[in-house]
Amino acid sequence: MSQTENRARYRRILVKMSGEALLGAADYGVDPAMLRRIASEIHDVTRLSVEIAVVIGGGNIFRGAGLARAGMDRVTADHMGMLATVMNALAMQDALEGLGVDVRVMSALRINQVCEDYIRRRAMRHLEKGRVVIFAAGTGNPFFTTDTAASLRAIEINAEVLLKATKVNGIYSDDPVKNKSAVHYARLTFDRVLAEKLQVMDATAIVMCRDNNLPLRVFNLNNAGDLVRIVKGEDVGTVVSNDA
Ligand code: UDP
């Protein structure tokens with residue numbers, strides 16, 4: 001690769017992926033082949049000397065709202081959801097380590113026999129040393145989502161952009177899988193996402209980004225190489241900002 005090809009647009013990024021992204025071809029839990037694929041894309045980003053933090057959801061295992069609808073106490077259900085994200089984070093840590101990447105899982109809930117506690121300054125130090133940091137257990141509070149955890153952590157660690165991985169090529173006027181005439185947006189403002197209730201992240205997460213001027217880019221994790229293309233400055237997916 002030449003110097004120009006190597007140049008990255010960002011110094012520090014945070015990538016959010018849902019728990020379902022790890023499902024791959026599996027019916028339940030995580031698909032090791034999918035984990036390896038995603039890990040290798042994260043590895044490619046680290047090779048551009050970009051600091052990368054990751055937030056992983058838990059929806060492939062438990063979602064608090066779903067358990068609560070089935071009759072469980074919401075707070076207990078959310079605790080289970082947060083613990084599910086810890087399992088996913090450990091799986092991703094394992095896949096990254098398999099590729100020789102230095103990585104630390106930091107949990108918002110204290111489970112320090114399996115991973116570190118989230119301490120902001122320590123997280124920043126890991127990133128400065130070139131380690132991938134996986135933030136687990138969301139915000140550590142019930143009634144929040146891992147999307148909100150991703151915007152919160154991205155702001156806390158001064159990430160330049162929040163990259164939200166999805167199954168489609170960005171944000172559309174409607175679900176592009178169900179509605180073939182759904183329109184793709186290249187750029188949007190946070191206010192428009194909120195006003196039109198576009199399905200991107202929950203409103204709390206969007207408001208966090210808006211009020212702290214953190215740009216968000218939504219991209220398709222199934223398109224191999226898109227993550228690296230974004231890091232190199234290519235206009236992939238949809239960008240949401242205050243001045244789109
Ligand atoms: N969760 C929570 N607080 C947080 C983040 C997550 O209580 O700050 C719980 C919540 O029950 C949620 C589950 O963890 O349903 C899994 O997270 P999420 O639904 O965001 O995962 P994803 O849809 O991204 O896989």
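**Strand β5**

I began with the burial of β5 in this predicted model. I found that 5 of the 5 residues of β5 are buried, so the strand is largely enclosed by the rest of the structure. I then looked at each face separately. Val132, Ile134 and Ala136 lie on one side, Val133 and Phe135 lie on the other, and all of them are buried, which leaves both faces of β5 covered.

Next I looked up the strands that pair with β5. Strand β2, residues 51–56, pairs with β5 in the parallel sense over 3 bridges. Within that pairing I noted Ala53 as the bridge partner of Val133 and Val54 as the bridge partner of Ile134. Strand β3, residues 103–107, also runs parallel to β5, and 5 bridges join the two. Here I recorded Val103, whose bridge partner in β5 is Val132.

**The sheet as a whole**

In what order do the strands of the sheet stand? I traced an open sheet of 9 strands in the order β4-β3-β5-β2-β1-β6-β10-β11-β9, with mixed pairing. β4 (116–117) and β9 are the edge strands; each has a single partner strand, so one side of each is left without a neighbour in the sheet.

**Strand β6 and Leu163**

I moved along the sheet to β6, which spans residues 161–166. I found 5 of its 6 residues buried, so β6 too is largely enclosed by the rest of the structure. On one pairing, β6 meets strand β1 (residues 12–17) in the parallel sense over 4 bridges; Ile13 stands opposite Val161 of β6 there. On another, β6 and strand β10 (residues 216–220) run parallel and are joined by 5 bridges. In that pairing I noted Ala165 opposite Phe219 of β10.

I then took Leu163 as a single residue of β6. Is Leu163 buried or exposed? Its relative accessibility is 0%, and buried means under 20%, so Leu163 counts as buried. I listed its contacts, leaving out residues up to four places away in sequence: Leu163 touches Ile13, Leu14, Val15, Lys16, Arg217, Phe219, Leu227 and Ile230. For one of these, Arg217, I also looked up the C-alpha separation from Leu163, which is 4.8 Å although the two residues are 54 apart along the chain.

**Ala186**

For Ala186 I first recorded its place in the loop between β8 (184–185) and β9 (187–189). The relative accessibility of Ala186 is 37%, and the partly exposed class lies between 20% and 50%, so Ala186 counts as partly exposed. Leaving aside neighbours within four places in sequence, I found Ala186 in contact with Gly237, Thr238 and Val239. I also noted the C-alpha atoms of Ala186 and Val218: the residues are 32 apart along the chain, and these atoms are separated by 9.8 Å.

**The ligand**

I turned to the ligand and its shell. The ligand is surrounded by 19 residues, of which the closest are Gly19, Asp78, Thr139, Asn141 and Thr146. Sorted by class, the shell holds 4 nonpolar, 12 polar and 3 charged residues. Which element gives the largest share of the shell? I found it to be helix α4 (residues 74–98), with 3 residues.

I then looked up polar contacts to oxygen atoms of the ligand. An N or O atom in the side chain of Thr146 lies 2.5 Å from an oxygen atom of the ligand. Gly59 makes its contact through the backbone, where a polar atom is 2.8 Å from a ligand oxygen. For Gly64, a backbone N or O atom is likewise 2.8 Å from an oxygen atom of the ligand. Taken alone, the ligand exposes 520 Å², and I noted that the protein buries 93% of that.

**Thr139**

Thr139 is among the residues closest to the ligand, and I examined it last. Thr139 lies in the loop between β5 (132–136) and α6 (146–156). Why does Thr139 count as buried? Its relative accessible area is 14%, and the limit for buried is under 20%, so Thr139 falls in that class. I found that the side chain of Thr139 reaches the backbone nitrogen of Asn141 at 3.1 Å; Asn141 is also listed among the residues closest to the ligand. Not counting residues up to four places away in sequence, Thr139 touches Ala108, Phe144, Thr145, Thr148, Ala149, Leu152 and Arg153.

Conventions. Residues are numbered from 1 along each chain as its sequence is written. This is a predicted model: local features need pLDDT of at least 70, side-chain atom pairs count only at pLDDT 80 or more; totals for chains, interfaces and linings use all residues. Side-chain values use heavy atoms; hydrogens and water are left out. A residue is near a molecule or strand if one of its heavy atoms lies within 4 Å of it. A polar contact is a pair of N or O atoms within 3.5 Å; within protein, one must be able to donate a hydrogen and the other to accept it, and residues adjacent in sequence count only if both atoms are side-chain atoms. Accessible areas come from the Shrake-Rupley method with a 1.4 Å probe; for residues, only the protein chains shown count as cover. Ala, Val, Leu, Ile, Met, Phe, Trp, Tyr, Cys and Pro count as nonpolar, Asp, Glu, Lys and Arg as charged, and the others, Gly among them, as polar. Buried means under 20% relative accessible area, exposed over 50%, partly exposed in between (1.4 Å probe, protein chains only). Contact means heavy atoms within 4.5 Å. Two strands pair if DSSP finds at least two bridges between them.
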